[in-house]
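Subject: Handover of the structure and notes on it

Dear colleague,

I am passing on the structure below, together with notes on what was found in it. Please read them with the model open beside you.

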Amino acid sequence: MKKGYTSCADCPELQGCRTLNEFYTKNGYKYKKYKQAIEFIGQNGYPAFLKIADTWTNAYGKYENK
């Protein structure tokens with residue numbers, strides 16, 4: 001957020017981000033889902049993410065296979 005991006009998905013330093021990589025190594029299903037969301041947004045954009053998220057019945061829905 002300090003860099004002015006909407007989310008981590010917009011940051012060109014995403015893959016080497018120490019903070020996120022430490023976050024993703026935590027135990028728990030939700031941390032893997034957060035990573036999937038960031039990767040999906042990075043590849044497909046926010047409109048595609050919001051479109052697919054609107055079909056979910058809970059916070060941890062599934063992504064379409066592409």
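Does Tyr 34 count as buried, partly exposed or exposed, and at what relative accessibility? Tyr 34 counts as partly exposed because its relative accessibility is 35%, a value between the 20% under which a residue is buried and the 50% over which a residue is exposed. Please keep in mind throughout that this is a predicted model. Tyr 34 lies in helix H2, which covers residues 29–44, and together with Tyr 29 and Tyr 60 this tyrosine forms a nonpolar patch on the surface, the accessible area of the three together being about 320 Å².

As for the chain as a whole, there are 3 helices and 0 strands, so that, DSSP runs being numbered from the N terminus, the order of the elements reads α-α-α. The C-alpha trace spans about 30 × 25 × 20 Å along its principal axes. Of the 66 residues in the chain, 26% are buried, and the accessible surface comes to about 5500 Å², with 52% of that surface belonging to carbon and sulfur atoms. If one takes the contacts in the chain with a separation of 6 or more, 39% of them are accounted for by residues 24 or more positions apart.

The packing of two of the helices may interest you next. Helix H2 and helix H3, the latter made of residues 46–53, pack with their axes 7 Å apart and at an angle of about 130°, and H2 and H3 are therefore oblique to each other. On the side of H2 the contact is made by Ala 37, Phe 40, Ile 41 and Asn 44, and on the side of H3 by Tyr 46, Ala 48, Phe 49 and Ile 52. Asn 44, which is one of the H2 residues in that contact, counts as partly exposed because its relative accessibility is 29%. Between the C-alpha atoms of Asn 44 and Gly 61 the distance in space is 16 Å, while the two residues are 17 residues apart in sequence.

Another residue of helix H2 is Ile 38, and this isoleucine counts as buried because its relative accessibility is 14%. Once its neighbours within four places in sequence are left aside, Ile 38 is in contact with Ser 7, Cys 8, Ala 9, Leu 14 and Tyr 24. From Ile 38 to Glu 22 the separation is 16 residues in sequence and, C-alpha to C-alpha, 15 Å in space.

On the charged side chains, the general point is that those of opposite charge can pair when their charged atoms come close. How many salt bridges does the structure hold? The structure holds 2 salt bridges, and they are described here in turn.

One salt bridge joins Glu 13 and Lys 3, whose closest N and O atoms are 2.7 Å apart. Both Glu 13 and Lys 3 lie in the segment before helix H1 (18–24), so this pair ties together parts that are 10 residues apart in sequence. Glu 13 is partly exposed because its relative accessible area is 48%, whereas Lys 3 is exposed, with a relative accessible area of 53%.

The segment before H1 also holds Cys 11, which is buried because its relative accessible area is 15%. Leaving aside its neighbours within four places in sequence, Cys 11 is in contact with Lys 3 and Tyr 5; Lys 3 is thus a residue that also takes part in the salt bridge with Glu 13. The C-alpha atoms of Cys 11 and Met 1 are separated by 9.6 Å, the two residues being 10 residues apart along the chain.

The salt bridge formed by Glu 22 is with Arg 18, and here the closest N and O atoms are 3.3 Å apart. Because Glu 22 and Arg 18 are 4 residues apart in helix H1, about one helical turn separates them. Glu 22 is partly exposed, its relative accessible area being 45%, while Arg 18 counts as exposed because its relative accessibility is 65%.

With kind regards

Key
Residues are numbered from 1 along each chain as its sequence is written. This is a predicted model: local features need pLDDT of at least 70, side-chain atom pairs count only at pLDDT 80 or more; totals for chains, interfaces and linings use all residues. Side-chain values use heavy atoms; hydrogens and water are left out. Patches are made of residues with over 30% relative accessible area and no salt bridge: like charges are joined within 9 Å, nonpolar side chains (Val, Leu, Ile, Met, Phe, Trp, Tyr) within 5 Å. Accessible areas come from the Shrake-Rupley method with a 1.4 Å probe; for residues, only the protein chains shown count as cover. A salt bridge is a side-chain nitrogen of Lys or Arg within 4 Å of a carboxyl oxygen of Asp or Glu. Buried means under 20% relative accessible area, exposed over 50%, partly exposed in between (1.4 Å probe, protein chains only). Axes are lines fitted to C-alpha atoms, for helices over the stretch in contact, and angles run from 0 to 180 degrees between N-to-C directions. Angles under 35 degrees count as roughly parallel, over 145 as roughly antiparallel, 65 to 115 as roughly perpendicular and the rest as oblique. Contact means heavy atoms within 4.5 Å.
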